[in-house]
Structures are given as structure tokens and as C-alpha cells.
Amino acid sequence: MVDIHIYNTKARTKQPFEPIDPSNVRMYVCGPTVYDHVHIGNARPVAVFDVMFRLLRHVYGSDHVTYARNITDIEDKIMERAERDGVSIKSLTERCARQYQTDMLKLGTLEPSLQPKATEHLPEMIKMMKTLIEKGHAYVADGHVMFHVASMENYGQLSRHSRDELIAGARVEVAPYKKDAADFVLWKPSSEDQMGWSSPWGKGRPGWHLECSCMIEKHLGETIDIHAGGQDLIFPHHENEIAQSECSHGATFVNYWMHNGYLTVDGEKMSKSLGNFHTVHDLLKEHEGEALKLSLLVAHYRQPIDFSIKTIQEQKRRLDRWYRLTDGVDADTTIPVAVIEALADDLNTPRAIAALDALASDDTAGALKAGAQFLGLLLKSNDSWFKGDAPDGITASEIEVLIADRIKARANKDFSESDRIRNRLESAGVALEDGASGTTWRKAD
Ligand SMILES: [Zn+2]
């Protein structure tokens, strides 16, 4: 059995990973708010914790890991965007969520076991607020339900902020309905024309923090193994998730907290005004998903990463080398120990990539292929990698989308849909090859 060690943000130290139940290891990652294409910074946690998912499946068995990544489809930004564009909230969020899921698959990450949506969990949210009010941790004021921070003795355990920092960091607006400046919103009122749901406290909508607590409770349980996300979520988002869940359940919420570092682009914070703002969707039009993913894994996940087009090009060249070496070679049936050991050591992807480079010779090409495919790389045929030669009338990225749809259909045991997609690709002159480690395509002979 491989021993996994994880740097736990809560303990500020690396600890051996011991799951609550090895037959059902549970991990949650905060997903996107869906109102636009996501940027490359949003793809970092997806790529990094996909590796964690793969490692856990390797160690505990693929049927013994549940990975949930949510879709936040209630948020004021969504309402503003829908109004600006004159579209319904539902059509905006559904389109953006679908696009996000497709782009993440094209990035070569596995589909999570569950992708719950906030709008599907209103009853759970109302129930949790009722519990918090009954237990004296929340109060109703002026159509709002507020979490009363002073009611929780160890509030701030994750971020370790002082009370002054808590207040400043919460970007607290002075509001007459607050008992205390640090209190945060669980529920806020919606006007007639705003998105809202009926509740015992009137028409309104939930706060973002509450959404995650309730999706975790419903799908993964009161105490989970791993909760992960970007470092910018530690406070207030994750701190407040802890407050809600622990005060309503009276149990530890999360055993291991993992946070990835910041991503800059060309040495600067990404911003539309600097012209260094890259969406994953746009990058995938110009670059291979595998090269993009590898660019996100060359730095250790807790370190900051400076992203650039040059990085993608460098990783494309690395993959070119690996593809050439493994052309026509069968992947070994076991994954190289050095790769697993590096990943088990707090997800040391740079060390795993160095281990793959060390295997990049003719003698060990089978091991290279096995290790790379474990990370979701080298999954294309050499033809499609080097020539990108989609037959006329269909683009390589359309093919990738259809392959991703077919994988989804097969996972859902919808074999008539998966056959339909295969037939459609065949009629476009694309042949599929299903292997142990994924599906590749080539131009049909
Ligand atoms: Zn969250």
C-alpha cells in the first residue's frame, strides 16, 4: 500500500493521509461560478486535484473514491450578467456549466464522480439554516439569515486570523441588521424581479458559503476526507463553510484541507485591462489540452505559478519528445514507482514529471507511456498529435468533444448514445480506438 502524505492547511504541516473509510474516500473541490468562460487560473485546481483523484483511485481502487466538484449557479454576478445580456439565468448558467465541463475534459482531466449544482439544493440549505437558528448560531434580521460568528468558540481555526483581520478580511459592510461586524450572510432577501426562492424568511437566495456546506452534507456526509480549492478561498469561504457545517452537525467537517497557490500570467496578476487574460476555452483553440494541463503541473501545487504561452510551447515540445519515443510502444501494465512515490509525497508533480523525463529513452518507453497515461497524457495517437489531421468537415476539437460525450454516455451505460456517437464519427472519417487508458482517434483508412 502506498503511503500518501498531504500538506494539511489546517495543521500547517505535512501529515500521513488516513481516510475515514478506505472503501469510500471522499473529496470535494469548489467549482466555478458559471456566468462566463473560466480563466486559466480557475483550471489550476481542476488540473491539480485531478491528479489527487487519480492517485486516490490508484491506491484505494477506482470504485472507492467519490470526488465532487460543484457548480455555483446562484450568485449576484450571474444575475448581473444575465440582465446585461438579456438572457435568462437558467440558459446562461446551463450554457456556461456545459462549456466548463467540456473544456475541463478537453484539458484531459477525469470527470468527477459528482457535479452538484447549487440550485438543486435549496431544501437542504433551508434545513441547515433552521438548525443553525435553533442552536443559536444564526439569527433572522430584516429578511436576512445571518451566521453569528461570536457563537462559535473556535471560529477562524483554518485561516488563523485575529478578530481584527477577520473583520477587515470579510470586507464587512456596515449593515443595521448585523449584530456584529464579522457576521456573514446565509440568506438574503430577493426583490420581486430578482432570482429567489420562497423560504420561512421570505423570498430570497442563499449565500455562496452555504451552498458548498449543503452540497457536501448531502453527497459526501458530515465529515469528509479532503476539501480542496484555491488558496484565495481559505478566508472567508472555507472558514465560513467550517462554521456552518460544524455548528449544525457538531462534528469535524474536513480532515485534510488542500489549497493550491496563485497563478500569474507573464509575471502579473491576470486582468482584462493588462491584456494577459486567458480563458481555457480560447487557449484550447490554439493549444493541445495535454500541453495546457502539463503547464499547470510543472510547478508544485502549493507554489505560485507564472503562466505564459511560452510555458505551453515548452510543454508541447516535451510531449512531442515523449510521443516520438513511445510511438508504437505498448504501455507497461504497472505505473512506474517513482511517479507514484512523487505524487504520494504531497502531490509532487514536478518530481513526477522529472521521473518521466528520466524514463524518456528507447529502453524504458513502455514505462514512460504508462506513467504519462496515468496522468492523462500521451492518450492520442501519434498521427493526431503531430498532424492534428482531422478529416475534412470536422475539427480536432469537435472530435475531442464527441469523444468526451461518448465517455460520459458509456459511464452512464447509455450504449445506444455511445454507439450513435461512434457511428457519427465513423461517417465523418474518424476511427476510434478504445484502450485500457482511454480512447484515441485517427483518420480512418
Ligand atoms: Zn466552496
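Below, a biologist asks a modeller how some labels in this predicted model were reached.

Biologist: Let's start with the metal. What makes Cys30, Cys212, His237 and Glu241 donors of the zinc ion?

Modeller: Distance. A donor is an N, O or S atom within 2.8 Å of a metal such as this one. Here Cys30 and Cys212 offer SG, His237 offers NE2 and Glu241 offers OE, at 2.1 to 2.5 Å. Those values fall inside the cut-off, so the four residues count as donors.

Biologist: And why is the site of the zinc ion called irregular?

Modeller: Look at the angles. Four donors are tetrahedral if all angles lie between 85 and 135 degrees. The angles among the four donor atoms here run from 75 to 130 degrees. The low end, 75, drops out of the tetrahedral range, and square planar would need opposite donors over 155 degrees apart, so the site is irregular.

Biologist: How are the donor residues of the zinc ion spaced in sequence?

Modeller: The pattern reads C-x181-C-x24-H-x3-E. Cysteine 30 sits in the loop between S3 and helix H1 (40–60), while glutamate 241 belongs to helix H7, so this pair ties together parts that are 211 residues apart in sequence. Cysteine 30 and glutamate 241 are both buried, too.

Biologist: Next, S3. Why is strand S3 described as largely enclosed by the rest of the structure?

Modeller: Buried means under 20% relative accessible area. Five of the five residues of S3 get that label, so the strand is largely enclosed. Val25, Met27 and Val29 point one way, Arg26 and Tyr28 point the other way, and all are buried. That fits a general pattern: side chains in a regular strand alternate between the two faces of the sheet.

Biologist: How do you know that S3 and S4 pair?

Modeller: Two strands pair if there are at least two bridges between them. S3 and S4 have five bridges and run parallel, so they pass. As examples, arginine 26 stands opposite threonine 66 in S4, and valine 29 has arginine 69 as its bridge partner there.

Biologist: What is the order of the strands in the sheet with parallel pairing?

Modeller: Four strands make an open sheet, in the order S4-S3-S9-S10. Strand S4 (65–69) and strand S10 (254–260) are its edge strands, since each pairs on one side only. Neighbouring strands are turned by 20 degrees against each other on average, direction ignored.

Biologist: Now the antiparallel sheet. What makes S5 and S8 its edge strands?

Modeller: That open sheet has four strands in the order S5-S6-S7-S8. Strand S5 (138–141) and strand S8 (204–206) each pair on one side only, and that earns them the edge label. The twist averages 20 degrees from one strand to the next.

Biologist: How many bridges hold each pair of strands there?

Modeller: Four bridges join S5 to strand S6 (residues 144–147), with alanine 141 opposite histidine 144. S6 and S7 pair over three bridges, one example being valine 145 with tryptophan 187. S7 and S8 also have three bridges, and lysine 188 stands opposite arginine 205. Since the cut-off is at least two bridges, each of these counts as a pair.

Biologist: Where does helix H7 lie?

Modeller: Helix H7 (residues 234–249) lies across S6 and strand S7 (184–189), at about 85 degrees to S7.

Biologist: How does the span of helix H6 compare with what is expected?

Modeller: H6 (residues 208–219) has 12 residues, and from first C-alpha to last it reaches 17 Å, close to the 16 Å expected at 1.5 Å a residue. Its buried residues, including Cys212, Cys214 and Met215, pack against several elements, among them S7, S8 and H7. Just after H6, glycine 221 takes a positive phi of about 110 degrees.

Biologist: Last one: why is proline 336 called buried?

Modeller: The relative accessible area of proline 336 is 12%, under the 20% limit, so the label is buried. This proline lies in the loop between helix H10 (309–326) and helix H11 (337–344). Beyond its neighbours within four places in sequence, proline 336 contacts Leu359, Ala367, Ala370 and Gly371.

Biologist: And what makes histidine 278 buried?

Modeller: Its value is 18%, which is also under 20%, so histidine 278 is buried. Histidine 278 is found in the loop between strand S11 (263–265) and helix H8 (280–286).

How values were computed:
Residues are numbered from 1 along each chain as its sequence is written. This is a predicted model: local features need pLDDT of at least 70, side-chain atom pairs count only at pLDDT 80 or more; totals for chains, interfaces and linings use all residues. Side-chain values use heavy atoms; hydrogens and water are left out. Axes are lines fitted to C-alpha atoms, for helices over the stretch in contact, and angles run from 0 to 180 degrees between N-to-C directions. Contact means heavy atoms within 4.5 Å. The expected span of a helix is 1.5 Å times one less than its number of residues. Buried means under 20% relative accessible area, exposed over 50%, partly exposed in between (1.4 Å probe, protein chains only). Donors are N, O and S atoms within 2.8 Å of the metal (3.2 Å for Na, K and Ca); water is not among the atoms, so sites may look incomplete. Four donors count as tetrahedral if all angles lie between 85 and 135 degrees; four count as square planar and six as octahedral if opposite donors are over 155 degrees apart and all others between 65 and 115; anything else is irregular.
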